[in-house]
Amino acid sequence: MEIWRALKLGLSQYAIFYGRTNRPDYWQFVLALFVISTVLSILDEGVGLAFNVATLLPWIAASNRRFKDAGVSPKNFWWLALPIVGWVFFVIRLTTPSKK
């Protein structure tokens, strides 16, 4: 049931860009978004798209907090502009262990 707690936490902090999000909470939140998005897209593509647009800000906020927890600059979002190589670098930076 941890995945749903992480989803609830991530959505309740949808516009909080300060603070930190630990690695398990972040990836459980992303997994929950992925599962819900996939199910909704299978049922109705428009609903899945609407869900993805609605959860974009919470995902950005959680990623920003995860970067801060890992000791990485949130400016790493610019890597998403590079297809494939940038996305791989972005994911690698998100998997960095937390800095205490």
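## Ile3 in helix H1

Ile3 sits in helix H1, which covers residues 2–12. This is a predicted model. Leaving aside residues up to four places away in sequence, Ile3 touches Gln28, Leu31 and Ala32. Along the chain, Ile3 and Val91 are 88 residues apart, and their C-alpha atoms are 19 Å apart in space.

## Pro24 in helix H2

Pro24 is a residue of helix H2, the helix that runs over residues 23–43. The relative accessible area of Pro24 is 49%. Exposed means over 50% and buried means under 20%, with partly exposed in between, so Pro24 is partly exposed.

Pro24 can also be placed against a residue from an earlier part of the chain. Its C-alpha atom is separated by 8.6 Å from that of Ala6, and the two residues are 18 residues apart along the chain.

## Helices H2 and H3

How do the axes of helix H2 and helix H3 cross, and within what distance do they come? The axes come within 5 Å and cross at roughly 155°. Angles over 145 degrees count as roughly antiparallel, so H2 is roughly antiparallel to H3. On the H2 side, the contact is made by Leu33, Ile36, Ser37, Leu40, Ser41 and Leu43. On the H3 side, it is made by Glu45, Val47, Gly48, Phe51 and Asn52. Sorted by class, the residues of this contact are six nonpolar, four polar and one charged. Helix H3 itself covers residues 45–54.

## The largest pocket

The largest pocket holds about 220 Å³ of space. Its lining consists of Val30, Leu33, Phe34, Ser37, Asn52, Thr55, Leu56 and Trp59. Two elements, H2 and helix H4 (56–70), give two or more residues to this lining. Which element gives the most to the lining of the largest pocket? It is H2, with four residues.

By class, the lining of the largest pocket has five nonpolar and three polar residues, and no charged residues. Some residues of the lining also appear in the contact between H2 and H3: Leu33, Ser37 and Asn52 are among them.

## Helices H4 and H5

The axes of H4 and H5 come within 9 Å, with a crossing angle of roughly 60°. An angle counts as roughly parallel under 35 degrees and as roughly perpendicular from 65 to 115. The crossing of H4 and H5 falls between these ranges, and the two helices are therefore oblique to each other.

In this contact, Trp59, Ser63, Arg66, Phe67 and Ala70 in H4 meet Phe90, Arg93 and Leu94 in H5. The classes are five nonpolar, one polar and two charged residues. Trp59 of H4, listed here, is also one of the residues that line the largest pocket.

## Ile84 in the loop before H5

Ile84 is found in the loop between H4 and helix H5, which covers 85–94. Ile84 is not a glycine, yet it has a positive phi of about 60°. Is Ile84 buried or exposed? Its relative accessibility is 57%. Since exposed means over 50%, Ile84 counts as exposed.

## Thr95 after H5

Thr95 is in the segment after H5. Its relative accessibility is 34%, so it counts as partly exposed. Not counting residues up to four places away in sequence, Thr95 touches Arg23, Trp27 and Arg66. Arg66 is also one of the H4 residues in the contact with H5.

Thr95 can be compared in position with Phe67, another H4 residue of that contact. Thr95 and Phe67 are 28 residues apart in sequence, while the distance in space from C-alpha to C-alpha is 9.3 Å.

How values were computed: Residues are numbered from 1 along each chain as its sequence is written. This is a predicted model: local features need pLDDT of at least 70, side-chain atom pairs count only at pLDDT 80 or more; totals for chains, interfaces and linings use all residues. Side-chain values use heavy atoms; hydrogens and water are left out. Axes are lines fitted to C-alpha atoms, for helices over the stretch in contact, and angles run from 0 to 180 degrees between N-to-C directions. Contact means heavy atoms within 4.5 Å. Ala, Val, Leu, Ile, Met, Phe, Trp, Tyr, Cys and Pro count as nonpolar, Asp, Glu, Lys and Arg as charged, and the others, Gly among them, as polar. On a 1 Å grid over the protein atoms alone, a cavity is a set of points where a 1.4 Å probe fits but cannot get out, and a pocket is an open set with protein on both sides within 12 Å along at least five of seven lines; lining residues have an atom within 4 Å of a point. Grid points are joined across faces, edges and corners, and a volume is the space filled by probe spheres set on the points. Buried means under 20% relative accessible area, exposed over 50%, partly exposed in between (1.4 Å probe, protein chains only).
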